[in-house]
Amino acid sequence: MQMTRSRSTLSFTYCMSKDTLSTIDHHPYLGQEFNKDLGWSTRITKTINQPHKTLGFIKRNLSRCKQSIKAATYTTFVRPKLEYAATVWDPHQKTHQRRLEVVQRQAARFVQNDYRRESSMTAVMHELDWPTPQEKRQQARLVLMYQAVNGLVAIDINFHRRRTTNITRQ
């Protein structure tokens with residue numbers, strides 16, 4: 001797989017033991033999906049599809065349960081799938097953010113058993129005391145930054161700092 005954002009790419013043929021390696025457009029690695037154009041669309045689609053299927057399963061099997069059981073099931077089985085590795089792939093585009101929020105809004109409708117069009121999902125999620133996915137990702141970024149600054153994780157925070165010199169001529 002060749003990764004680039006360039007519109008015109010050079011294509012190379014790679015061989016290993018006289019066998020030509022095939023080219024691919026995306027590849028999963030450690031639960032993340034890497035694309036040849038370095039975009040996150042495939043990752044976000046997978047991130048949405050899996051929790052959406054899980055939510056559908058929960059809706060089919062727990063439709064007559066109490067609200068507390070529905071909420072606990074959502075926070076146990078669906079939300080962690082939405083938040084997995086969010087500090088790495090945190091979407092900055094509004095369309096991707098909305099697609100992630102749709103899953104939580106559907107879960108809020110299910111938990112409250114409120115499928116009316118005129119009901120406010122913001123009010124429902126506030127009543128359930130659920131933060132938005134964007135707020136959860138922001139919290140995860142802040143926690144990671146705190147851990148990196150205090151040496152609690154193996155991230156070199158000085159990696160991006162450049163050494164400045166006042167020498168202009170040699």
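A residue counts as buried when its relative accessible area is under 20%, as exposed when that area is over 50%, and as partly exposed in between. Keep those cut-offs in mind as we walk through this predicted model. E101 makes a good first case: its relative accessibility is 17%, so it counts as buried.

Let's step back to the overall layout. The protein chain has 6 helices and 4 strands, and along the sequence they run in the order β-β-β-β-α-α-α-α-α-α. Of its 170 residues, 26% count as buried. The accessible surface comes to about 13200 Å², and carbon and sulfur atoms account for 52% of that. If you look at contacts between residues at least 6 apart in sequence, 57% of them join residues at least 24 apart.

Now turn to the inside. In soluble globular proteins, nonpolar side chains tend to be buried together. Here the largest nonpolar core has 20 residues, and those touching the most other members are Y74, V78, V103, A108, V111, L128 and W130. Helices α1 (41–61), α2 (67–83), α4 (94–112) and α5 (121–128) each supply at least two residues of this core, with α4 giving the most, 6 residues. Take L128 as a viewpoint: beyond its neighbours within four places in sequence, L128 is in contact with Q67, A108, V111 and Q112.

Some nonpolar side chains sit on the outside too. L10, F12, Y14, M16 and L21 form a surface patch with about 570 Å² of accessible area together. Y14 lies in the segment before β1 (15–16), and its relative accessibility of 49% means that Y14 counts as partly exposed.

What about charged pairs? The whole structure has 3 salt bridges. E101 returns here, paired with R105, their closest N and O atoms being 4.0 Å apart. Both lie in helix α4, 4 residues apart, or about one turn of the helix. Unlike buried E101, R105 is partly exposed at 28%. Helix α2 holds another pair, E83 and R79, also 4 residues apart and so separated by about one helical turn. The closest N and O atoms of E83 and R79 are 4.0 Å apart; R79 is buried at 13%, whereas E83 is partly exposed at 29%. In the remaining bridge, the side chains of D114 and R116 meet at 3.0 Å, N to O. D114 is buried at 11%, while R116 is partly exposed at 47%.

Finally, a word on cysteines. The structure holds 0 disulfides. C15 is exposed, because its relative accessibility is 53%, and C65 is partly exposed at 29%.

Note on methods: Residues are numbered from 1 along each chain as its sequence is written. This is a predicted model: local features need pLDDT of at least 70, side-chain atom pairs count only at pLDDT 80 or more; totals for chains, interfaces and linings use all residues. Side-chain values use heavy atoms; hydrogens and water are left out. A disulfide is a pair of cysteine sulfur atoms within 2.5 Å. Buried means under 20% relative accessible area, exposed over 50%, partly exposed in between (1.4 Å probe, protein chains only). Patches are made of residues with over 30% relative accessible area and no salt bridge: like charges are joined within 9 Å, nonpolar side chains (Val, Leu, Ile, Met, Phe, Trp, Tyr) within 5 Å. Accessible areas come from the Shrake-Rupley method with a 1.4 Å probe; for residues, only the protein chains shown count as cover. A nonpolar core is a set of buried Ala, Val, Leu, Ile, Met, Phe, Trp, Tyr and Cys residues joined through side-chain atoms within 4.5 Å. Contact means heavy atoms within 4.5 Å.
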